Amino acid sequence: MGVGGEKFQLGTVGALGLSVVSSVSIVICNKALMSSLGFTFATTLTSWHLLVTFCSLHVALWMKFFEHKAFDSRTVMGFGVLNGISIGLLNLSLGFNSVGFYQMTKLAIIPCTVILETLFFRKKFSRTIQISLSVLLLGVGVATVTDLQLNAVGSILSLLAIITTCIAQIMTNTIQKKFKVSSTQLLYQSCPYQSLTLFLIGPFLDGFLTNQNVFAFNYTSNVVFFIVLSCLISVSVNFSTFLVIGKTSPVTYQVLGHLKTCLVLTFGYVLLHDPFSWRNILGILIAVVGMVLYSYFCSIETQPKNNDVSGQQVPCFSNLMPCKYLIFYLQQFSCGSLASLLLFLVYKSLCVLYIAVKRR
């Protein structure tokens, strides 16, 4: 195995791990900011996230951590604006729909992505992959969807949010491959357009949804602290998002995203004492089973035919953290057997998911 292959392995491990840790962290941070401190201006906050991400990448470019690579400016601009619009539409969807219907909107992104990739990129998804994705969506639906209140405006906004999000995530993957740019280079060039789009529509959108003015809000020291913390975490969230989609696929990123949802529910119960029912537990376990099945079937279908290649040992996270040490850590975990079980299942799921990605 060459040096390039080793770099790819480490990059994939880092991307998967960073994406999970940073996304769960920012959700917990933003929950404290919005629920406890009353700062509910989500779209404007996202524009600040992207602005801080751009500034951080600009410093990294100045320090020569990566090289700037210019390519089609129209593609970058369209991609950046589309990403900004998709975020705004998702926030509008949440504002016009019940939480349950909003969760259904997020669940619909995977089948919509599968349809778009099948129609326009002629990508084939086997029956086993479709079944495993269905199990995953069923589990997340059981765990998160509580009520379904339909209305015409909310349904249209949700449909638009689904389509724009799917296209944006597919473009994230295809642009990196077509123009041979890294996730860092694409994020650096698209961030200004995303941030500007959200900064222009954010105050109006947030004002419409909350009946408050973001610029008239009382910015206490606690609010400022959590805003700064949220912006810093967002750098790794945005970077890992582009990295995961670039190295895997939009569907795999969505599968990983639903894993994050399960983790957020679990840690919300463990750390923030959020209400947690047996329905949540059942849904999370079903979702984890679906993710394991998806990862397993991906690894089976992409297994190399060549005996020399297939005979090589494929490393997984166990090489970086042996399973026996993780089990010992979980046994010492004081938050209860449920959290320990879920963390262990997540760990093994990521092992299988990494093997599937590595073999692509």
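## Buried or exposed: a starting point

A residue counts as buried when its relative accessible area is under 20%, as exposed when that value is over 50%, and as partly exposed in between. Take Arg122 as a trial case: its relative accessible area is 74%, so Arg122 is exposed. Keep this yardstick in mind as you look around the structure, which is a predicted model.

## The overall layout

What does the secondary structure of the protein chain come to? The count is 14 helices and zero strands. If you read along the sequence, you meet the pattern α-α-α-α-α-α-α-α-α-α-α-α-α-α. The protein chain has 360 residues, and 48% of them are buried.

## Two nonpolar cores

Let's look inside. In soluble globular proteins, nonpolar side chains tend to be buried together. Here the largest nonpolar core has 19 residues, and those with the most contacts inside it are Ile110, Leu133, Leu136, Val255 and Tyr294. Which helices each supply at least two residues of this core? They include α5 (109–120), α6 (127–144), α10 (250–272) and α11 (278–301). There is also a second, separate core of 15 residues, with Leu50, Phe71, Phe79 and Cys191 among them.

Ile110 is a good residue to click on. You will find Ile110 in helix α5, and with a relative accessible area of 1% it falls under the 20% cut-off, so Ile110 is buried. Ile110 and Thr252 are 142 residues apart along the chain, yet their C-alpha atoms are separated by 9.1 Å.

Tyr296 offers another such pairing. Tyr296 lies in helix α11, and its C-alpha atom is 9.4 Å from that of Ser132, although the two residues are 164 residues apart along the chain. Is Tyr296 buried, partly exposed or exposed? Its relative accessible area is 44%, which lies between the 20% and 50% cut-offs, so Tyr296 is partly exposed.

## Helix α5 and its neighbour α7

Helix α5 has twelve residues and reaches 16 Å from its first C-alpha to its last, close to the 16 Å expected at 1.5 Å a residue. Its buried residues are Ile109, Ile110, Cys112, Thr113, Val114, Leu116 and Glu117. The axis of α5 and the axis of helix α7 (residues 152–178) come within 9 Å and cross at roughly 60°. That angle makes α5 oblique to α7, and the crossing is right-handed.

You can check the length of α7 too. With 27 residues at 1.5 Å a residue, α7 should span 39 Å; its end C-alpha atoms are 38 Å apart, so the two values agree.

## Helix α2

Helix α2 (residues 42–62) has 21 residues, so at 1.5 Å a residue it should span 30 Å, and the distance between its end C-alpha atoms, 30 Å, agrees. Buried residues of α2 include Thr43, Thr44, Leu45, Thr46, Ser47, Trp48, His49 and Leu50. Further along α2, Thr53, Leu57 and Ala60 are buried as well. Leu50 is also part of the second core described above.

## How α3 and α8 pack

Helix α3 (residues 73–96) packs against helix α8 (residues 183–210) at an angle of about 30°, and their axes are 7 Å apart. Why is α3 called roughly parallel to α8? Angles under 35 degrees count as roughly parallel, so the pair earns that description. The two helices cross in a right-handed way.

What kinds of residue make up the contact of α3 with α8? They divide into 14 nonpolar, ten polar and no charged residues.

## Residues with positive phi

Most residues other than glycine have a negative phi. A few places in this model have a positive value. Arg122, the exposed residue we began with, has a phi near 55°. Arg122 is found in the loop between α5 and α6.

Asn211 also has a positive phi, near 60°. Where is Asn211 placed? Asn211 is in the loop between α8 and α9 (221–247). Its relative accessible area of 71% is over 50%, so Asn211 is exposed.

Two further cases come after helices you have already met. Lys64 follows α2 and has a positive phi near 65°. Just after α7, Lys180 takes a positive phi of about 55°.

Key:
Residues numbered from 1 in each chain as written. Predicted model: local features only at pLDDT ≥ 70, side-chain atom pairs only at ≥ 80, totals over all residues. Heavy atoms only, no water. Core = buried A, V, L, I, M, F, W, Y, C linked by side-chain atoms within 4.5 Å. Buried < 20%, exposed > 50% of the residue type's maximum accessible area, 1.4 Å probe, protein only. Helix = DSSP H or I, 4+ residues; strand = E, 2+ residues; numbered from the N terminus. Expected span 1.5 Å × (residues − 1). Axes fitted to C-alpha atoms, helices over the stretch in contact; angles between N-to-C directions. Parallel < 35°, antiparallel > 145°, perpendicular 65-115°, else oblique. Left-handed = near helix turned anticlockwise from the far one by under 90°. Nonpolar A, V, L, I, M, F, W, Y, C, P; charged D, E, K, R; others polar.
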